[in-house]
Amino acid sequence: MKFALNIDDYSARAFGFNTKEQFSLLAHGDIEADIKAPNPKPANIPMMTARRLSMGCRMAVDIGIELLKAHDDIDAVIYSSATGEEEHNYKVLESAAKGVDCSPTDFSMSVHNTGVGNFTILSKKKIPSSSVSAGIDSFLMALTDAYVMLSSGYKKILVVDYNVSIPPFFKNYLKKDFPDYPYSVGLVVSKGNDYEFITAKLNKKSEHLFPVSLGFLLNIIKKEDVTLKGERLLWNVKSKHE
């Protein structure tokens, strides 16, 4: 597989960071990531709504609205998440196992499209939207989806990838490099050739220091090539951006 696109803008939340300056310092090794650092309160979500959302989803919705305010010509949105709303899902399952009624909030917020659903409700933006869940490939599949939409006539697409805190019950079933902390990365993508994606044979020994979308973002900031590890393929990303 081979395709290319442009990255017009970005935003991120992770490790207590929420500014481009902080992520630039992280990308260049001037500060370190602390997965236990408290994350800032959302700037674009009403507090009553924020309380209902998991931290990862909260950051994803906040980022989406932030980028939409900066780019009102966005004409489609794609949210992706490797785990979906695992926090709320676990609480629903735990209630069922105990034979008690689950929280209405946990039930309503347990679906995989919670992020994009709350984004469209709060932004009141009437544009095509989708939610991608494909395990470790979720972010890469969202970018592939964006490329297909751009090729069919869309001009500017918002792509937001996020993850929630993984409940301890599930951690023994995860690969050691799978992120179990909340984060979110948002990109505004358009048609172009600044970043070229080429798939290659997977090297089973390769691992990620950061989640796929965060690793991609940090290399965008440094304007460097990067190799992203998928489930069955390696994705070599060539930066042509000057």
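Which residues does I166 touch, not counting residues up to four places away in sequence? The legends below begin with the overall fold of this predicted model and then take up that question among other close-up views.

**Figure 1. Overall view of the predicted model.** The secondary structure of the protein comprises 9 helices and 7 strands, and the C-alpha trace spans about 55 × 45 × 35 Å along its principal axes. For 242 residues a compact globule would have a radius of gyration near 18 Å, and the value of 17 Å found for the protein agrees with this. Of the 242 residues, 52% count as buried, while the accessible surface comes to about 12000 Å², with 52% of that surface belonging to carbon and sulfur atoms. Among contacts with a separation of 6 or more, 73% are made by residues 24 or more positions apart. The side chains include 29 positive and 29 negative ones, and the centres of these two sets lie 2 Å apart.

**Figure 2. Surroundings of I166, in the loop between β4 and α8.** The loop that holds I166 runs between β4 (156-163) and α8 (168-171). Leaving out residues up to four places away in sequence, I166 touches T83, K171, L174, P179 and D180. I166 counts as buried because its relative accessibility is 6%, which is under the 20% cut-off for that class. The C-alpha atoms of I166 and C57 are separated by 13 Å, with their positions 109 residues apart along the chain counted as the distance in sequence.

**Figure 3. N172, in the loop between α8 and β5.** N172 is found in the loop that leads from α8 to β5 (183-201). With a relative accessible area of 74%, N172 is exposed, since the class of exposed residues begins over 50%. N172 and E231 are 59 residues apart along the chain, and their C-alpha atoms are separated by 19 Å.

**Figure 4. Helix α7 and the contacts of A142.** Helix α7 (residues 138-151) has 14 residues and reaches 20 Å from its first C-alpha to its last, close to the 20 Å expected at 1.5 Å a residue. The buried residues of this helix are S138, F139, L140, A142, L143, T144, A146, M149 and L150. Of these, A142, which lies in helix α7, is buried with a relative accessible area of 0%. When neighbours within four places in sequence are left aside, A142 is in contact with I78, S80, V132 and V159. The C-alpha atoms of A142 and A76, 66 residues apart along the chain, are separated by 12 Å. The helix is followed by G153, whose phi is positive, near 125°.

**Figure 5. Helix α6 and the residue just after it.** In helix α6 (residues 114-123), the residues T114, G115, V116, N118, F119 and S123 are buried. Just after α6, K124 takes a positive phi of about 60°. Most residues other than glycine have a negative phi.

**Figure 6. F15, a residue with a positive phi in the loop between β1 and α1.** F15 has a positive phi of about 55° although it is not a glycine. The loop that contains F15 lies between β1 (2-13) and α1 (20-27). F15 is buried, its relative accessible area being 5%.

**Figure 7. K223 and E224, in the loop between α9 and β6.** K223 lies in the loop between α9 (212-222) and β6 (226-229), and E224 is found in the loop between α9 and β6 as well. K223, although not a glycine, has a positive phi of about 55°. K223 is partly exposed, with a relative accessible area of 46%, and E224 is likewise partly exposed, with a relative accessible area of 38%. Not counting residues up to four places away in sequence, E224 touches N219 and S239. E224 and V237 are 13 residues apart in sequence, and their C-alpha atoms are 8.8 Å apart in space.

Definitions and conventions. Residues are numbered from 1 along each chain as its sequence is written. This is a predicted model: local features need pLDDT of at least 70, side-chain atom pairs count only at pLDDT 80 or more; totals for chains, interfaces and linings use all residues. Side-chain values use heavy atoms; hydrogens and water are left out. Helices (H or I, at least four residues) and strands (E, at least two) are DSSP runs, numbered from the N terminus. Buried means under 20% relative accessible area, exposed over 50%, partly exposed in between (1.4 Å probe, protein chains only). Contact means heavy atoms within 4.5 Å. The radius of gyration is taken over C-alpha atoms; the globule rule is 2.2 Å times the number of residues to the power 0.38. Accessible areas come from the Shrake-Rupley method with a 1.4 Å probe; for residues, only the protein chains shown count as cover. Lys and Arg count as positive and Asp and Glu as negative; His and the chain ends are not counted. The place of a charge is taken as NZ of Lys, CZ of Arg, CG of Asp or CD of Glu. The expected span of a helix is 1.5 Å times one less than its number of residues.
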